[in-house]
Amino acid sequence: MPTDVAPSGEPLAAEAVAEAVRRIWAEVLEVEVESIDIHHSDFFELGGYSLLALQSIGRLLAEYGIDEVASVELEGALLNRLFEDATPMAQAQCLVAGGAAPGGDAGP
């Protein structure tokens with residue numbers, strides 16, 4: 001197996017970002033980190049709603065040092081993805097694909 005792939009088959013960058021999403025969700029939703037599964041937990045089933053979604057996305061973008069200009073586009077993409085697939089891994093994959101996290105197409 002290539003070294004850039006985690007045991008789950010996901011790229012390492014996505015796994016690491018998913019862990020950051022998991023931690024941020026736990027803080028925003030006021031739940032235990034351990035109660036969130038990066039592949040299966042649903043933000044909205046955990047008690048999230050649109051304003052908390054924006055808060056968690058803002059924290060994630062800030063954590064990865066995304067500047068204001070780039071964050072506008074990524075924020076919209078992350079919010080759309082959250083409504084399509086509300087898992088930490090989906091958020092991580094979106095951020096990595098947007099080039100904002102390690103392993104992405106066009107880093108900061």
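**Close-up 1. Arg59 and its salt bridge to Glu27 in the predicted model.** Arg59 is partly exposed, at 34% relative accessibility. Its closest N–O approach to Glu27 in the salt bridge is 3.2 Å. Arg59 belongs to helix α2 and Glu27 to helix α1, so the contact ties together parts of the chain that are 32 residues apart in sequence. Glu27 is also partly exposed, with a relative accessibility of 42%. Through shared salt-bridge partners, Arg23, Glu27, Arg59 and Glu63 form one network.

**Close-up 2. The salt bridge between Arg23 and Glu63.** The N to O distance between these side chains is 2.5 Å. Arg23 lies in helix α1 and Glu63 in helix α2 (residues 50–63), with their positions 40 residues apart in the sequence. Arg23 is partly exposed at 32% relative accessible area, and Glu63 is partly exposed at 38%.

**Close-up 3. A salt bridge within helix α1 (residues 12–29).** Arg22 and Glu19 pair at 3.1 Å, N to O. The two residues are three apart, about one turn of the helix. Residues three or four places apart in an α-helix point the same way, because there are 3.6 residues a turn. Arg22 is buried, with a relative accessible area of 17%, whereas Glu19 is partly exposed at 36%. The model has four salt bridges by the distance rule.

**Close-up 4. Helix α3 (residues 68–84).** A side-chain oxygen of Asp67 comes within 3.0 Å of the backbone nitrogen of Val69 at the start of α3. The buried residues of the helix are Ser71, Leu74, Leu78 and Leu82. The end C-alpha atoms are 24 Å apart, in agreement with the 24 Å expected for 17 residues at 1.5 Å a residue.

Terms used:
Residues are numbered from 1 along each chain as its sequence is written. This is a predicted model: local features need pLDDT of at least 70, side-chain atom pairs count only at pLDDT 80 or more; totals for chains, interfaces and linings use all residues. Side-chain values use heavy atoms; hydrogens and water are left out. Helices (H or I, at least four residues) and strands (E, at least two) are DSSP runs, numbered from the N terminus. The expected span of a helix is 1.5 Å times one less than its number of residues. Buried means under 20% relative accessible area, exposed over 50%, partly exposed in between (1.4 Å probe, protein chains only). A polar contact is a pair of N or O atoms within 3.5 Å; within protein, one must be able to donate a hydrogen and the other to accept it, and residues adjacent in sequence count only if both atoms are side-chain atoms.
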